[in-house]
Structures are given as structure tokens and as C-alpha cells.
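User: Please take a close look at one part of this model, the place where its main helices pack together. I would like the packing, the charged pairs and the confidence in one account.

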Amino acid sequence: MGVVDSILRQHRWELDERRRFLAELESLAQRLRRDAHRLHQEIEEESGAGRLLRQSGAPYPVFVEPLIERGRQLERSIAEINTQIPEAREAVAVAEQQVRLCEATQMQRGGKPPLGAGRALRSRRVRRAVAFPRYAPYFGS
């Protein structure tokens, strides 16, 4: 395994990790939104029960206030995650670009084509050769 192969493996690993992190963030945001929705429904139910108790003289904010605070905390967490998701998407895009660059470098140096990249790289080479014939890479014998 050469240096280019090692670098390519490293970039692919980083890409996989960043994709995994992005998927986990999106999953967490979705779960927190569901929790916030359920909590909102629970607050509505408790507030309704509180009105009945209030008529009998019992204070309802005692058991509704913690639910409201939990809802605020969920909203803060959701907002924080929503700011992290675009950053994570950008990191995935950068990692994908690095992998494509390493794959192209490997192909140019005469290495074996990376899995799944052969057709895309060939079509890019043809487009590049047509667009810039003077600077087209020479592949052949």
C-alpha cells in the first residue's frame, strides 16, 4: 500500500465519520422535536387538569412549571443542534471533495481505480479533454 492509498483511506474514514456525525445530529434533532411535541401535549393536559384543581383551590403551577422549564431546555437544545447541522453538512462536503481529489490523484499516478469511481472519473477526463484540449492529461502508451 502506497502513500496515496493510505491518504485515500484516511480521507474515506474521515468522510464516513463526518457522515455518521451528521446523521446522529439529524436523528437527535428529530427525536428532540418529537419529545418537545409530546411535552407540549402533556403541558396542555396538565393545564386542563390544573384548571379543574384550581376551581377546588389547589395551585397547579407546582406540577406544570417543571414541564414548562423542560420545554424551554428542549427548545434551546434543538436550536443549538440546528446551528450545528449546517456546519456538519459543510464538513461532509469538504471531506467528499478531499476523497474525490485523492481518487483523481491516484488515477493520475497510474494507480488502480478506486471502487465505484472509474466511470465518473473517466467521464470527467473526457469532458476536461474536450474543454481544455491543450491541457488534457495524456493517458496512454
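Analyst: What follows starts with the core, moves to the polar and charged pairs, and ends with confidence.

This is a predicted model; local features need pLDDT (the predictor's confidence in each residue, from 0 to 100) of at least 70, side-chain atom pairs count only at pLDDT 80 or more, and totals for chains, interfaces and linings use all residues. Residues are numbered from 1 along each chain as its sequence is written, and side-chain values use heavy atoms, with hydrogens and water left out.

Start with the core. A nonpolar core is a set of buried Ala, Val, Leu, Ile, Met, Phe, Trp, Tyr and Cys residues joined through side-chain atoms within 4.5 Å. Buried means under 20% relative accessible area, exposed over 50%, and partly exposed in between (1.4 Å probe, protein chains only). The largest such core has 20 residues, and I81 and I85 have the most contacts inside it. Helices α1 (3-55) and α2 (61-108) each supply at least two of its residues. Helix α2 gives the most, with eleven. Helices here are DSSP runs (H or I, at least four residues), numbered from the N terminus.

Now I85. Beyond its neighbours within four places in sequence, I85 is in contact with L22, L25, E26 and A29. Contact means heavy atoms within 4.5 Å.

E26 has a second partner. Its side chain meets that of R89 in a salt bridge, 2.7 Å from N to O. The pair joins helix α1, which holds E26, to helix α2, which holds R89, across 63 residues. A salt bridge puts a side-chain nitrogen of Lys or Arg within 4 Å of a carboxyl oxygen of Asp or Glu. E26 is partly exposed because its relative accessible area is 31%. R89 is also partly exposed, at 46%.

Q106 lies in helix α2 too. Q106 counts as buried because its relative accessibility is 5%. Its side chain makes a polar contact of 2.4 Å with that of D5. A polar contact is a pair of N or O atoms within 3.5 Å; within protein, one must be able to donate a hydrogen and the other to accept it, and residues adjacent in sequence count only if both atoms are side-chain atoms.

The structure holds eight salt bridges. E65, E69, R72 and R76 are linked in a network of them. Within that network, E65 pairs with R72 at 3.9 Å, and E69 with R76 at 3.5 Å.

Finally, confidence. Helix α2 has the highest mean pLDDT, 89, and helix α3 (residues 118-131) the lowest, 50. Over residues 126-141, pLDDT stays under 50. Where pLDDT is low, the predicted coordinates should not be read in detail.
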